[in-house]
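Visitor: I would like to learn how to read a structure like this one. Could you take me through its features?

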Amino acid sequence: MTITSVLVDEYFQFFVQASDKGNPPMKNNVPVNMWVTDNDDAQPIFTQPSYSFFMLENEPVGSVIATIKAMSSAPLEYLIIPGFTRSSNTPSRFSIDSQGRIYVVAPLDMETNSGFTLTVQAQTLSNTPLTQQTTVNVRLMDVNDNYPYFESNPYYVTVPENTKAGLDLCKVIAHDNDKSYKLSYSFGDDVRKYSHLFSVDSASGVITLLSELDREVQEFYNLTVWVRDNEGPSALQNFTIVHVTVIDYNDNPPIFSRTHYQAAVNEDAYMGTILMTLTTIDKDLTSDIHYFITEGDPEGKFKISSNGDVFVNNQLDREAVPRYKLTVAATDKAFVTTASLTIDILDANDNAPVCSKVFHFTVLRFLILFIELNEIKIFFHKSFIIFY
Ligand SMILES: [Ca+2]
Ligand SMILES: [Ca+2]
Ligand SMILES: [Ca+2]
Ligand SMILES: [Ca+2]
């Protein structure tokens, strides 16, 4: 468009159309209002073609972060022309007053938006204002306003109790949303009592086993791990818990409840008769105890079941063996322990009766009856003859 000849105070209204080269072409129109002014010094002119400022991200709402100025012989007002993005002040984070002071109208966050490019317009306070625009760049400076955080809380770790010292158990990892930080890890005070067992690398967060663990002493540990985001007084910190579970290993022998057992059984006891129950204590969780008779019973007269019941396994005979001195063993497949077991065989009336004893006893009873009951002596006499 070329303007050939215009007059002061002349006013124009028209549309400018833009079209692409598609087929069919896409078009759009924008209205234009043009007012021809005299070439005087009322036209506002900014002191700089653009401005740049830095500010802390935590400047409070209402803070003035910069002042810009446009020159004009006429009174001016300023406004920020909003764009379409967060960086161009939509939604509104900054405003400008009549003195050209740019101030904060809503909280800022460098981690969300680190910089703004504002279009500021100065215009005369006339019905048809004279305008001038400039660009104001605002850069936010980081403030340590984010707590570091761990990837997990809690962490779970399992470790067999026979694990050698020096093994790395796990690595705790923390992050920080601030631009600048230097994370360091340390155990909480509550872990001090385990300082001979665990260590944490302050830079990497690797937790290392310093000594073998014994599940039979302690099965669970809760380790508090702290992370700080810098060394200074403004450091923010956070913590996580590492739950350590010690897995059992069969490292303890079964122990009989007594070193010597005593039992007795009738010699006519049936097979399967239980004499007693042996018991053992094994500190390990996973021990499966088996019992055996290792000495003193070559004929297999006794056996021990899987739950420790000692039972008769064969016909006994007191007259042959009146007492057994057994060695019993218990094993958890790794350790074997023994105890002694003495079994007395009790007499049973298993020999043929001696008839003479019965005869003498019977004769004595009949003689007494004969004296006391003389009237029926004939009858008893006959009975005696029949019995005998
Ligand atoms: Ca931080
Ligand atoms: Ca920050
Ligand atoms: Ca164990
Ligand atoms: Ca065991």
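Guide: We go from the overall fold to the metal sites, then to the surface. Keep in mind that this is a predicted model.

Visitor: How many helices and strands does the protein have?

Guide: Start with the element count. Here there are two helices and 29 strands.

Visitor: What share of the contacts joins residues at least 24 apart in sequence?

Guide: Take the contacts between residues at least 6 apart in sequence. In this protein, 66% of them join residues at least 24 apart.

Visitor: And what share of the residues is buried?

Guide: Of the 388 residues, 34% are buried. The accessible surface is about 23900 Å², and carbon and sulfur atoms account for 55% of that.

Visitor: Now the metals. Which protein atoms are donors to the calcium ion (ligand 1)?

Guide: List the donor atoms, then check their distances. Asp176 gives two OD donors, while Asp178 and Asp229 give one OD each. Asn144 adds its OD1 and Asn146 its backbone O. These donors lie 2.2 to 2.6 Å from the ion.

Visitor: How should I judge the geometry of that site?

Guide: Compare the angles with an ideal. Six octahedral donors would ideally give 90 or 180 degrees. The six donor atoms around the calcium ion (ligand 1) give angles of 51 to 151 degrees, and the site is irregular.

Visitor: How are its donor residues spaced in sequence?

Guide: The pattern is N-x1-N-x29-D-x1-D-x50-D. Asp178 sits in the loop between strand 15 (174-175) and strand 16 (184-187), and Asp229 in the loop between strand 19 (220-228) and strand 20 (237-247), so this pair ties together parts 51 residues apart in sequence.

Visitor: Is Asp178 buried or exposed?

Guide: Look at relative accessible area; under 20% means buried. Asp178 has 3%, so it is buried. Asp229 is buried too, at 0%.

Visitor: Which residues supply donors to the calcium ion (ligand 2)?

Guide: They are Glu57, Glu111, Asp142, Val143, Asp145 and Asp178. Glu111 supplies two OE atoms, and Val143 its O. The distances run from 2.2 to 2.9 Å. The spacing reads E-x53-E-x30-D-V-x1-D-x32-D. Asp178 is listed for ligand 2 and also for ligand 1. Asp142 is partly exposed, at 23% relative accessible area.

Visitor: Last, the surface. Which residues form a nonpolar patch?

Guide: Look for nonpolar side chains grouped on the outside. Phe54, Leu56 and Met141 form such a patch, with about 290 Å² of accessible area together. Phe54 belongs to strand 4 (residues 50-56). Its relative accessibility is 59%, so Phe54 counts as exposed.

Definitions and conventions: Residues numbered from 1 in each chain as written. Chains lettered and ligands numbered in written order. Predicted model: local features only at pLDDT ≥ 70, side-chain atom pairs only at ≥ 80, totals over all residues. Heavy atoms only, no water. Donors = N, O, S within 2.8 Å, 3.2 Å for Na, K, Ca; no water. Buried < 20%, exposed > 50% of the residue type's maximum accessible area, 1.4 Å probe, protein only. Tetrahedral: all angles 85-135°; square planar, octahedral: opposite > 155°, others 65-115°. Helix = DSSP H or I, 4+ residues; strand = E, 2+ residues; numbered from the N terminus. Patch = residues over 30% accessible without salt bridge, like charges linked within 9 Å, V, L, I, M, F, W, Y side chains within 5 Å. Areas by Shrake-Rupley, 256 points an atom, 1.4 Å probe, with all protein chains shown as cover. Salt bridge = Lys/Arg side-chain N within 4 Å of Asp/Glu carboxyl O. Contact = heavy atoms within 4.5 Å.
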